[in-house]
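Please open the model in a viewer and keep the sequence beside it. The tour below says what to select at each stop.

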Amino acid sequence: MKFAKKLGDKHQDFLIENNKAAQQQYDAEMADFKAIQRDRKKGEPVDTEEPEKPPFKVAFIPANSSYAKILQHIKQNEGTGIICETEADSMGNVLKHEWGGYSDMLRKAFHHETISLSRKTNDEYISIKEPKISIALSSTPGQVSNLISSAEDGLFSRFIFYAFKVEQLWRDVSPYGNTINLNDHFNALSEHTFQMIQFFEQSPTLIILSPDQWQALNNVGQKWLTEITLFTSEEAGSVAKRLGIILYRLAMIFTALRKYENGEATKEVMCTDEDFEIALNIANTFIEHSKLMFNNLPKQETQLPFKGAKKQEFFQELPTEFKREEAIQIGIKHNLKPRTIDSLLKKLFEKGLLNKPVYGNYSKS
């Protein structure tokens, strides 16, 4: 995660230098304005407007910020911002406070919905159309529940998760253990990323998917929605729906990167089947990790470390063709009662995941 933030340092430094230059110009203009005010004769009309303070732009917005401050940063950044933290608690602890409860802002920003605020003090009114906020967090599994309070929280389905266990091995920490200077390595990548930012600022891009790719997206979206509502929870349906948007965004990112690598100047760029398949494979991985995290949110009745979805494991273990008696025996291994299995088989048949060629026999679709 530290490396992820390192990649944006070049853009951050660029904005900070611009901020300094703009502030120096503002200070000079303000000094001239004050001098004119001092020299102005009493009763003489003012023909010079007071200089407007320049916006303070940043690439990274601290998660430990108030609602008002984050909104101010996004407005000064012309609707954009990145939150990147190595500890999810940096955001989770703030969201619990009234002054920092910006969860609704994050939920709206995912869909680029207008964010607005109005306050009586100084007749303050802020409206940001089509906000674009990126968030990258790392944490332990326990920190997720501190960030997202329950399975019903709409914030959960707006994140993509990747959970993993690290093999407990000691790494060689001596200068001889790693011959790569990571600072130099990521400084070079940061420079490369900054060049891409400048390229796309000068080259608007419209990504186009083929009819077959749209059909593939619709098919996999329906598959995700059916399986997650059947095997996980009805409340988890939003995960599948928003992952469809994420799949599309991944395809757009890969297509845009290919445009940059090829040095293309055209505005409209077709997504290749290769890039779409890569995005689809990544999305298929993300939905499994989202289901894993969903099953471990505080809503659940029991708290076990990374417990699995018994019904889905049961379905995956079923052979291509089987009888009810076989399904009962497999279900027992997953602590499922015969009545639960009969109900599940009925739902699987109704959802089109099972066929019944002969009474009492089943086959997977």
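The stops follow the chain from its earlier residues to its later ones. This is a predicted model.

**Stop 1: a loop residue**

Select glutamate 78, which sits in the loop between helix 3 (67-76) and strand 1 (80-85). Its phi is near 60°, a positive value in a residue other than glycine. Is glutamate 78 buried or exposed? Glutamate 78 has a relative accessible area of 64%, so it counts as exposed.

**Stop 2: a hairpin**

Next select strand 2 (residues 115-119) and strand 3 (residues 124-128). The two strands run antiparallel and are joined by five bridges. Look for arginine 119, which stands opposite glutamate 124 in strand 3. Then move into the turn: the hairpin has four residues between the strands, and asparagine 122 takes a positive phi near 55° there.

Carry on past strand 3 to glutamate 130, found in the loop between strand 3 and strand 4 (132-137). Glutamate 130 is not a glycine, yet it has a positive phi of about 50°.

**Stop 3: a helix pair**

Select helix 8 (residues 211-231) together with helix 9 (residues 237-262). Their axes come within 8 Å and cross at roughly 155°. Angles over 145 degrees count as roughly antiparallel, and helix 8 and helix 9 are therefore roughly antiparallel to each other. The crossing of these two helices is right-handed.

Show side chains to see which residues meet. From helix 8 the contact takes in Trp214, Leu217, Val220, Trp224, Leu225, Ile228 and Thr229. Facing them in helix 9 are Gly237, Val239, Ala240, Lys241, Leu243, Gly244, Leu247 and Tyr248. Sorted by class, this contact of helix 8 with helix 9 has eleven nonpolar, three polar and one charged residues.

**Stop 4: a lysine in a helix**

Now pick lysine 291, placed in helix 10 (residues 273-294). Is lysine 291 buried or exposed? Lysine 291 counts as buried because its relative accessibility is 5%, and the cut-off for buried is under 20%. Which residues does lysine 291 touch, leaving aside its neighbours within four places in sequence? The contacts of lysine 291 are Ile228, Thr232 and Gln312. Ile228 was also on view at the previous stop, as one of the helix 8 residues that meet helix 9.

**Stop 5: a second helix pair**

Select helix 11 (residues 310-317) and helix 13 (residues 338-350). The axes of helix 11 and helix 13 come within 12 Å and cross at roughly 70°, which makes helix 11 roughly perpendicular to helix 13. Lys311, Phe314 and Phe315 in helix 11 are in contact with Thr340, Ile341, Leu344 and Leu348 in helix 13. The classes in this contact of helix 11 with helix 13 are five nonpolar, one polar and one charged residues.

**Stop 6: a sheet and the helix across it**

The last selection is an open sheet of three strands, with the order 7-9-8 and antiparallel pairing. Strand 7 (321-323) and strand 8 (354-355) are the edge strands, each pairing on one side only. Between strand 8 and strand 9 (residues 361-364) there are two bridges in the antiparallel sense. To find one position in this pairing, select leucine 354: its bridge partner is lysine 364 in strand 9.

Finally, add helix 12 (residues 324-333). Helix 12 lies across strand 7 and strand 9, and runs at about 90° to strand 7.

How values were computed
Residues are numbered from 1 along each chain as its sequence is written. This is a predicted model: local features need pLDDT of at least 70, side-chain atom pairs count only at pLDDT 80 or more; totals for chains, interfaces and linings use all residues. Side-chain values use heavy atoms; hydrogens and water are left out. Axes are lines fitted to C-alpha atoms, for helices over the stretch in contact, and angles run from 0 to 180 degrees between N-to-C directions. Angles under 35 degrees count as roughly parallel, over 145 as roughly antiparallel, 65 to 115 as roughly perpendicular and the rest as oblique. A crossing is left-handed if the near helix is turned anticlockwise from the far one by less than a right angle, and right-handed if clockwise. Contact means heavy atoms within 4.5 Å. Ala, Val, Leu, Ile, Met, Phe, Trp, Tyr, Cys and Pro count as nonpolar, Asp, Glu, Lys and Arg as charged, and the others, Gly among them, as polar. Two strands pair if DSSP finds at least two bridges between them. Buried means under 20% relative accessible area, exposed over 50%, partly exposed in between (1.4 Å probe, protein chains only).
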